[in-house]
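The following paragraphs lead through a predicted model. Please keep the sequence and the coordinates at hand while reading.

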Amino acid sequence: MNAKPFNDTFLKACRKEATEHVPVWYMRQAGRYQPEYRAIRAKHSFFEMNYIPEVCAEVTRLPVEQLGVDAAILFADIMTPLQPIGVDVNIESGIGPVISNPIRSLADVNRLGELDPLSHVPYIMEAIKILRQQLNVPLIGFAGAPFTLASYMIEGGPSKHYHKTKAFMYTEPEAWQALMDKLGDMTITYLKAQIEAGAQAVQVFDSWVGALNDEDYRTYIAPVMHRIFSALKETGVPTIYFGVGAGHLLLEWNQLPVDVVGLDWRMTIKKARELGVTKALQGNLDPTLLLAPWEMLEAKAKEILEQGTEQPGYIFNLGHGIFPDAKVETLQRLTQFIHSFKKNA
Ligand code: 1CP
């Protein structure tokens, strides 16, 4: 369907191979900042957009066609596999995921079912297959990491301090472990199914794990993340791990069998390298700069590009998702700027 040759710069960068230009994609590259997205969203609930593979594929392709990015990310949510295992979740406009039956006990954890991707989320697998026919850039599959999923499942929705989640972790160690085991299994099963269907890389979003200090991360989270990335390694597909405000965990992450580490804007790429991070890196423009004057945005992007290209294995991205008030034109101009960047020019 697509006459353009396949653009593999993103996959090469994941493997720390040299690339002719710096590859770029943006977290939340499909979303409310796009008039086309808003028009489709006006007709469907979030999950309906997921359930109809053609709509899911169309929304996934939007930013590839509109911005010219080097990778597509499947249009779904980290909550998508939770409904079928018994989590009553809705995505509410302007809020995010809201869960009516939050986890409060070991009994609640034990009630969660097991994910069977082919029967529970066949529409995701179908959307991936359609996209592989249509795209000339790699398709990134994704899932939420256990801590981040657990935070929604325990708090019942978005949270600032994750105090219910952390209190559960500290006071119900057996239930916490059972929950991490279940969510770990689910993440592995779900991502392997996405890879089987055609996803060419996978990103694990641990957006909120930065709420933990490094010692708690080692105790409560590192084992399940190790298990997830070890299982994915068998597939040979590149893996990416991302979190917000998690700079203090970078050395823990560097020990995981993951290929790429995603940084937010709080820590520079230079500093991450100085700390001893040896993985390929992805990031890390502060998304609020998309709302700043172009000259400021360009100067910051250039600084990040210079730091990122010090070593092979660099993918440009934002430090977190695009805000709804960003402009399509700004992202188009930024993408062109990144693609035309030449080291030491
Ligand atoms: O284009 C893309 O990036 C692909 C689609 C995608 C991805 C990768 C969506 C669509 N969600 C996600 C991941 C996701 N969902 C994360 C990890 C990345 C991150 O940190 O942003 C998280 C934490 C969620 C949970 C979630 N879903 C939120 C955040 C709430 C909070 O706690 O602050 C929100 C707002 C949603 C809804 C959602 N998911 C995706 C979109 C486009 C939207 C907005 C839906 C709408 O139109 O109402």
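Glycine 156 follows helix H8 and has a positive phi, near 90 degrees. The helix that precedes this glycine spans residues 146–155, and ten of its ten residues are buried, that is, each has under 20% relative accessible area. Among them are the nonpolar side chains of Phe147, Leu149, Met153 and Ile154, but the buried set also includes Thr148, Ser151 and the charged Glu155. The cover over these residues includes both strands and helices: S3 (96–99), S4 (139–144) and S5 (201–205) on the one hand, and H9 (163–171), H10 (173–197) and H11 (214–233) on the other.

Tyr152 links helix H8 to the ligand: this tyrosine is one of the buried residues of H8, and an N or O atom of its side chain is 2.4 Å from an oxygen atom of the ligand. Around the ligand there are 26 residues, of which Tyr37, Asp77, Tyr152, Ser207 and His320 come nearest. For serine 207, a polar side-chain atom lies 2.5 Å from a ligand oxygen. Glutamine 29 takes part through its backbone, with a polar atom 3.2 Å from an oxygen atom of the ligand.

Further along the chain, helices H14 (residues 294–308) and H15 (residues 328–340) form a pair whose axes come within 11 Å and cross at roughly 35 degrees. The crossing is right-handed. H14 contributes Trp294, Leu297, Glu298, Ala301, Lys302 and Leu305, which meet Thr330, Arg333, Leu334, Phe337 and Ile338 of H15. By class, this contact has seven nonpolar, one polar and three charged residues. An α-helix has 3.6 residues a turn, so residues three or four places apart point the same way.

Definitions and conventions:
Residues numbered from 1 in each chain as written. Predicted model: local features only at pLDDT ≥ 70, side-chain atom pairs only at ≥ 80, totals over all residues. Heavy atoms only, no water. Axes fitted to C-alpha atoms, helices over the stretch in contact; angles between N-to-C directions. Helix = DSSP H or I, 4+ residues; strand = E, 2+ residues; numbered from the N terminus. Left-handed = near helix turned anticlockwise from the far one by under 90°. Contact = heavy atoms within 4.5 Å. Buried < 20%, exposed > 50% of the residue type's maximum accessible area, 1.4 Å probe, protein only. Near = heavy atom within 4 Å. Polar contact = N/O pair within 3.5 Å; in protein donor to acceptor, adjacent residues only side chain to side chain.
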